[in-house]
Amino acid sequence: MVVHGPYPIGEPRVARQARAALEAGFDVDVVATRRQSEPTSEVVDGVRVFRLPVEHRRGGGILRVLREYIAFTALATLQVARLSAGRRYAVVQVHNPPDFLIAAAIIPKLQGARIVFDVHDLAPDLFASRFDGRRGGGLFDAALCRTERLAARLADAVVTVHEPYRQVLIARNVPASKVTVVMNSLDESLLPQAPANRNGSEFRVVYHGTVTAWYGVEMLVEAFASILPALPQAQLEVYGEGDAIAAVHDRAQALSVSERLTAPGTYLPQADVLALVQGAGVGVIPNLPTRLNRFALSSKLFEYVALGIPVVSADLPTIRAHFDDSEIRYFRAGDAESLAQAILDVARNPDDTAARVAAARACYERYRWPRNAARYVALLNAERPVRQSTEKVQPV
């Protein structure tokens, strides 16, 4: 697997798939970025991890992002070539973004490996969320669309995170038979085993995940400030790293709610985050109505549901395609006042809230990770080239 991001912290999708492949009998290598203090190589839960001297940094301009992407792609191509000289890979799985990271799999492909291209996000939409309106944006958007098509053409199979993305890829001329959905549902082995031990008088409003402008965490701070007169014991907890952490703290200070805010701004292992958020009064998905977010189906949604936490979510098409009003409480996307009213509704109407929690948990059964893991492993086995029976199980 090749991923432009830190492993295992920060890439739960990659880690879930790696565990599933290991359990299916594959050897698994991961080529990833390197954070300060991380070793250049180690074995993590049976996965050999090779970290390259590029640290993923959020934010910055177009040129800085391109430099980082290009540097990692060049180094990853060399690293994968070195690894494949000693280990004939059955499958090389490339996780986007960027889409041109597919270049890292070309040498193993020439040696007989199959390429699986994992589309976490639609790159043109992701770019638009970051740089829409910038000079030259139209040219970059066109280039990204062409790169997406080329990457999908080079791949033997394409994996993506939900059916709406699959339909977009098909509309962009990727053969339907080539695209498989493996959802970002929760590996439930990571759920906390001990019950939450919290102050019963507090009403905890939680958000966890990437903290960046288009995920609306600043708007969540605004909504939180407006509910405090009605819920004086409310606390806001934000767990995650991102380029908008400073803006979140600034907004909290401007609204005089800093003392009610917990936002460390650091990466945390997924199991640790789940232990921190369990028992919350409400889990919020405040995504803004952007081009990218119309397709967003955050893994935190599944995590809140699995933990029995009531969910308040922006009313966006892909989320609504998976859960309805009887299961989660929606608010008008981008509207802080609507978000505040939804949070108050959850707090003030415990019977209705309990009914939605139970209905969401029942709906979640169709999205659980074991089903997706089985689909993923079946794909790997289908893509594995036929080798001599005397050879060991091939790595992925």
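This passage walks through a predicted model of one protein chain, going from the overall form to a few individual residues.

The chain as a whole makes a good starting point. The protein chain contains 14 helices and 14 strands. Along its principal axes, the C-alpha trace spans about 70 × 45 × 45 Å. A compact globule of 396 residues would have a radius of gyration near 21 Å, and the value of 21 Å found for the protein chain agrees with this. Of the 396 residues, 54% count as buried. The contacts add to this picture: among those between residues at least 6 apart in sequence, 71% join residues at least 24 apart. The accessible surface comes to about 16,700 Å², and 52% of that area belongs to carbon and sulfur atoms.

Helix α1 is a helpful element to look at in detail. This helix covers residues 12-23. At 1.5 Å a residue, its twelve residues should span 16 Å, and the C-alpha atoms at its ends are indeed 16 Å apart. The buried residues in α1 include R13, V14, A15 and R16, as well as Q17, A18, A20 and A21. An α-helix has 3.6 residues a turn, so residues three or four places apart point the same way. Just after α1, G25 takes a positive phi of about 100°.

Within this helix, R16 deserves a second look. R16 is buried yet has no salt bridge. Why does R16 have no salt bridge, given a side chain of opposite charge in E303? The side chain of E303 is the nearest one of opposite charge, but it is 5.1 Å away, whereas a salt bridge has to be within 4 Å. Leaving aside neighbours within four places in sequence, R16 is in contact with N184, S185, L186 and D187, and also with Q270 and W369.

Strand β12 offers another buried residue to examine. V282 belongs to this strand, which runs over residues 282-285. With a relative accessibility of 0%, V282 counts as buried. Which residues does V282 touch, not counting those up to four places away in sequence? The residues are F203, R204, V205 and V206, then I309, P310 and V312, and finally I343 and V346. P370 lies 88 residues from V282 along the chain, and the C-alpha atoms of the two are separated by 26 Å.

The loops hold some backbone details that are easy to look up in the structure. In the loop between β5 (91-95) and α3 (106-110) sits P97, and P98 is placed in the loop between β5 and α3 as well. The peptide bond from N96 to P97 is cis, with omega near -5°. A cis peptide bond also joins P97 and P98, where omega is about -5°.

Positive phi values turn up in residues other than glycine, too. One of them is D45, with phi near 50°, found in the loop between β3 (41-44) and β4 (47-52). Is D45 buried or exposed? D45 has a relative accessible area of 67% and is therefore exposed, since the cut-off for that class is over 50%. S256 also has a positive phi, near 60°. This serine lies in the loop between α8 (245-254) and β11 (261-262), and at 67% relative accessibility S256 counts as exposed.

Technical notes:
Residues numbered from 1 in each chain as written. Predicted model: local features only at pLDDT ≥ 70, side-chain atom pairs only at ≥ 80, totals over all residues. Heavy atoms only, no water. Helix = DSSP H or I, 4+ residues; strand = E, 2+ residues; numbered from the N terminus. Buried < 20%, exposed > 50% of the residue type's maximum accessible area, 1.4 Å probe, protein only. Lys, Arg positive; Asp, Glu negative; His and termini not counted. Contact = heavy atoms within 4.5 Å. Expected span 1.5 Å × (residues − 1). Rg over C-alpha atoms; globule rule 2.2 N^0.38 Å. Areas by Shrake-Rupley, 256 points an atom, 1.4 Å probe, with all protein chains shown as cover.
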